[in-house]
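Visitor: I have a protein model open and no idea how to read it. Could you walk me through it, feature by feature?

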Amino acid sequence: MYSDEQKDFIFANFEDIALIKAYAGTGKSFTLKEFAKKHPECSFLYFVYNTSMRIDAERSFKEIKNVIITTFHGIAYRYIGKDFKARLHKEETLRGHDLIKFVADNKNPSEEEVNYRADLLLKTLRDFVASAEDVEDYIKKHQKRQSLAAIYDHETLHYVLHKLPLAWKEIQNGALPFEHDFYLKLFQLEKVKLSYDYILVDEAQDISPMMIDIVLHQADAKKIFVGDTFQSIYSWRGAINSLEYLEQHKSPAVFYLSKSFRCPPKVGWLANRIIGRAGAKKKFEGIAKPAKGGRQKTYIARTNSGLFHFCANHLEKKIYFVGGVESYSFSDILDIKNLLSQKREFIKNDYIAGFPDFKEFINHIKNTNDISMLGAVGIVFKYRKHNLYDLVKSIKQCTRVEAENGNSRKVRQAEADIVITTAHRSKGLEWPIVELLDDFPFRNESKITHLTQEGLMEELRLLYVAVTRAQTRVYLPQSILEYLELEEKPFRYFLAEDGNNGLDINLDTIIMPPNQNEEILSNTSAESCDQNCLETIARCKFCKSGVLRKGDLFFCKGCDFKISKAKIERFYQQFQADFKKEKENYAVMKMMTDDGHQVKGFISKEGKIFDTALLFTKSEQYGWGIGFAKKKANPKPKILRGKTNRSRRLRRSPKPW
């Protein structure tokens with residue numbers, strides 16, 4: 001019923017703090033639920049990340065009566081936030097412009113200097129709200145803070161820190177816009193005691209120091225933090241990885257969940273490739289069987305702008321937006337266009353309308369590093385020669401279909417041609433087939449080199465999140481394949497368990513993005529072949545179509561590549577002895593093309609490169625063949641030719657690779 005890792009935690013007895021480091025799809029919710037079942041006499045408070053996760057958790061835990069599920073904002077609203085209900089407006093946020101009165105002193109600074117100070121005060125205020133300190137302690141701690149000192153001069157930084165208490169007081173007194181994070185900060189500063197035996201914290205890799213402090217203040221409760229270090233993708237919101245922080249400072253009990261029940265081995269292999277670059281020490285193991293499903297594909301973008309560009313080129317499709325099309329702020333694109341065109345009467349977003357002109361808006365979003373708005377500005381300029389109003393309208397129309405009563409309704413996910421979302425929104429979700437769009441910052445060397453080390457680590461974590469949404473297979477753009485050094489497809493060759501010389505070939509990892517020929521292959525009629533006996537093995541390197549297997553014959557419908565399994569087995573016998581010397585039962589072959597006439601491969605296993613060369617070769621006279629050579633021992637091996645009208649053998653020396 002339980003995996004060994006799940007047993008370790010469910011039956012554990014720890015004193016104060018426990019950490020569960022759980023990879024994507026490893027059953028953390030199930031594990032927490034089983035832990036709660038083992039302690040029916042205890043009360044649990046379960047913090048989840050947002051409202052949608054709360055709804056899912058309530059559905060999952062509905063039979064367990066000793067668990068209360070909430071969010072940090074939900075519990076804070078119950079104690080503090082309800083007193084500010086009249087001031088909470090969904091679209092009203094604090095802007096740098098609102099703080100100008102605090103930084104426009106008697107020294108008559110320039111307008112540019114005033115805006116500069118106001119934006120810094122806003123950034124400092126938000127950083128304070130996310131911190132664990134009160135105002136006085138925050139100022140003492142951050143007088144010499146390097147993160148802001150690297151961007152702003154020390155004199156301005158000290159000036160702004162001096163203004164912070166005044167701004168915070170005005171927020172509480174009602175003179176400035178009030179946000180949900182503000183009552184959460186007040187709740188933390190009140191040091192409210194929560195009467196529970198256990199406090200569970202989900203998505204602990206993306207909570208703020210303020211939230212950590214709320215939990216650690218509950219001295220009478222045992223604390224359990226659950227999360228995945230490599231899904232920490234919200235540092236730009238002030239979040240920190242509490243798993244790392246607590247492990248370094250609090251000596252907790254540490255448990256692992258590393259076996260993914262969502263991802264099949266091929267996706268797990270890729271996930272390891274990514275998190276290995278991000279410093280992972282524990283192996284991610286995909287143990288799920290590939291999910292069965294139709295051909296619907298989910299496209300994951302890095303940015304809203306990348307997603308917009310994709311939609312603009314697929315207006316003929318029925319599109320399902322995860323979270324709804326309105327949540328992707330396409331209307332903000334039109335508002336920015338109106339601000340740029342000085343058509344202020346058409347601006348609907350109060351935040352954008354609050355800026356006197358486009359120049360001040362640009363300066364503000366650059367100073368505050370507002371990624372969402374910067375992306376929207378990029379779309380405005382990229383499509384400056386198009387009618388953006390009609391384009392946004394057309395994208396929204398793709399999300400609606402005609403209802404039975406003649407009106408239109410939203411497209412349901414099951415009936416959509418494609419599903420689209422961003423990497424951040426995809427977190428916690430899963431789909432059978434996933435393809436990543438080419439807007440991740442690995443597209444060119446300059447984007448990568450301009451990232452800080454932490455910035456690069458966060459991009460790798462975001463890539464890991466996107467990839468591990470796949471239940472069956474994932475398609476990657478060429479830029480990511482090249483960055484991860486996966487331009488060539490790895491194949492795994494297994495030794496037959498019965499001890500004979502048979503060879504089972506399975507695609508074990510990346511499938512390249514498909515092209516037009518894929519649809520031709522998938523729609524092969526029953527008259528031309530028996531669908532039940534066809535199995536896709538790989539993608540043909542010459543026509544970019546597909547290599548199929550029918551019975552004992554490997555062939556490609558798009559070109560004349562053809563070779564029998566018997567030929568492969570005879571080839572395999574030549575180097576079987578090399579594999580018997582190794583303890584493991586498989587090796588990896590990476591394949592490549594050469595001028596459309598030759599495929600070379602290198603055999604490797606567990607990092608060890610075999611001194612071998614592998615060839616699928618096409619001869620004008622003899623057709624396709626397969627060969628193997630020990631480069632030093634046998635410079636002129638036999639080459640077994642594929643099926644041709646003339647059954648011959650040709651000796652030919654391959655080039656080493």
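## Reading the model step by step

Guide: Let's start with the outside. The protein has an accessible surface of about 32,900 Å², and carbon and sulfur atoms hold 48% of that. Keep in mind that this is a predicted model.

Visitor: What share of the 657 residues is buried?

Guide: Buried here means under 20% relative accessible area. By that cut-off, 51% of the 657 residues are buried.

Visitor: And how many helices and strands should I look for?

Guide: You'll find 26 helices and 28 strands. For how the chain folds back on itself, look at contacts with a separation of 6 or more: residues 24 or more positions apart make 66% of them.

Visitor: Okay, sheets. Which order do the strands of the six-stranded open sheet follow?

Guide: To read a sheet, walk across it and note each neighbour. In this sheet the walk goes β3-β2-β4-β5-β1-β6, and the pairing is parallel. β3 (67-71) and β6 are the edge strands, each pairing on one side only. From one strand to the next, the twist averages 20°.

Visitor: Can we zoom in on one strand of that sheet?

Guide: Take β5 (residues 222-227). With strand β4 (residues 198-201), β5 pairs in the parallel sense over four bridges. Two of the matches to find are L200 with I224 and V201 with F225. β1 also pairs with β5, again in the parallel sense, over five bridges. There, K21 stands opposite G227.

Visitor: Why is β5 called largely enclosed?

Guide: Count its buried residues. Five of the six residues of β5 are buried, so the rest of the structure largely encloses this strand.

Visitor: What lies across the sheet there?

Guide: A helix, α12. It lies across β1 (17-22), β5 and β6, and runs at about 140° to β1.

Visitor: Does another strand make a good second exercise?

Guide: Try β14 (residues 431-436). Five of its six residues are buried, so β14 too is largely enclosed by the rest of the structure. Strand β9 (residues 297-301) pairs with β14 in the parallel sense over three bridges, and T298 has V434 as its bridge partner. β15 pairs with β14 as well, in the parallel sense over four bridges. Look for I433 opposite R473 there.

Visitor: Now helices. How many residues does α13 have, and what span does it reach?

Guide: A handy check is to set the end-to-end distance beside the expected one. Helix α13 (residues 265-277) has 13 residues and reaches 19 Å from its first C-alpha to its last, close to the 18 Å expected at 1.5 Å a residue. Just past the helix, find G279, with a positive phi near 95°.

Visitor: Which residues of α13 are buried, and what covers them?

Guide: The buried ones are K266, V267, G268, L270, A271, I274 and I275. Their cover includes β8 (285-286), α22 and β15 (470-475).

Visitor: Where do I find the nonpolar core?

Guide: Look for buried nonpolar side chains that touch one another. The largest core has 78 residues, and F308, F321, F330, F361 and L436 touch the most other members. Helix α22 (residues 453-467) gives this core its largest share, nine residues. Another core, of 55 residues, lies apart from it, with I17, L161, F182 and L186 among its members.

Visitor: Which residues does F361 touch, beyond its close neighbours in sequence?

Guide: Leaving out neighbours within four places in sequence, F361 is in contact with I336, L339, Y351, I352, F355, M373 and V377.

Visitor: You said G279 has a positive phi. Which residues other than glycine have one?

Guide: Two to look at are S251, with phi near 50°, and Q342, with phi near 60°. S251 is in the loop between α12 (242-249) and β6 (253-257). Q342 is in the loop between α15 (330-340) and α16 (350-353).

Visitor: Are these two buried or exposed?

Guide: Exposed means over 50% relative accessible area. S251 has 70%, so it counts as exposed. Q342 is exposed too, with a relative accessible area of 68%.

Methods: Residues numbered from 1 in each chain as written. Predicted model: local features only at pLDDT ≥ 70, side-chain atom pairs only at ≥ 80, totals over all residues. Heavy atoms only, no water. Core = buried A, V, L, I, M, F, W, Y, C linked by side-chain atoms within 4.5 Å. Buried < 20%, exposed > 50% of the residue type's maximum accessible area, 1.4 Å probe, protein only. Contact = heavy atoms within 4.5 Å. Expected span 1.5 Å × (residues − 1). Areas by Shrake-Rupley, 256 points an atom, 1.4 Å probe, with all protein chains shown as cover. Pairing = 2+ DSSP bridges. Axes fitted to C-alpha atoms, helices over the stretch in contact; angles between N-to-C directions.
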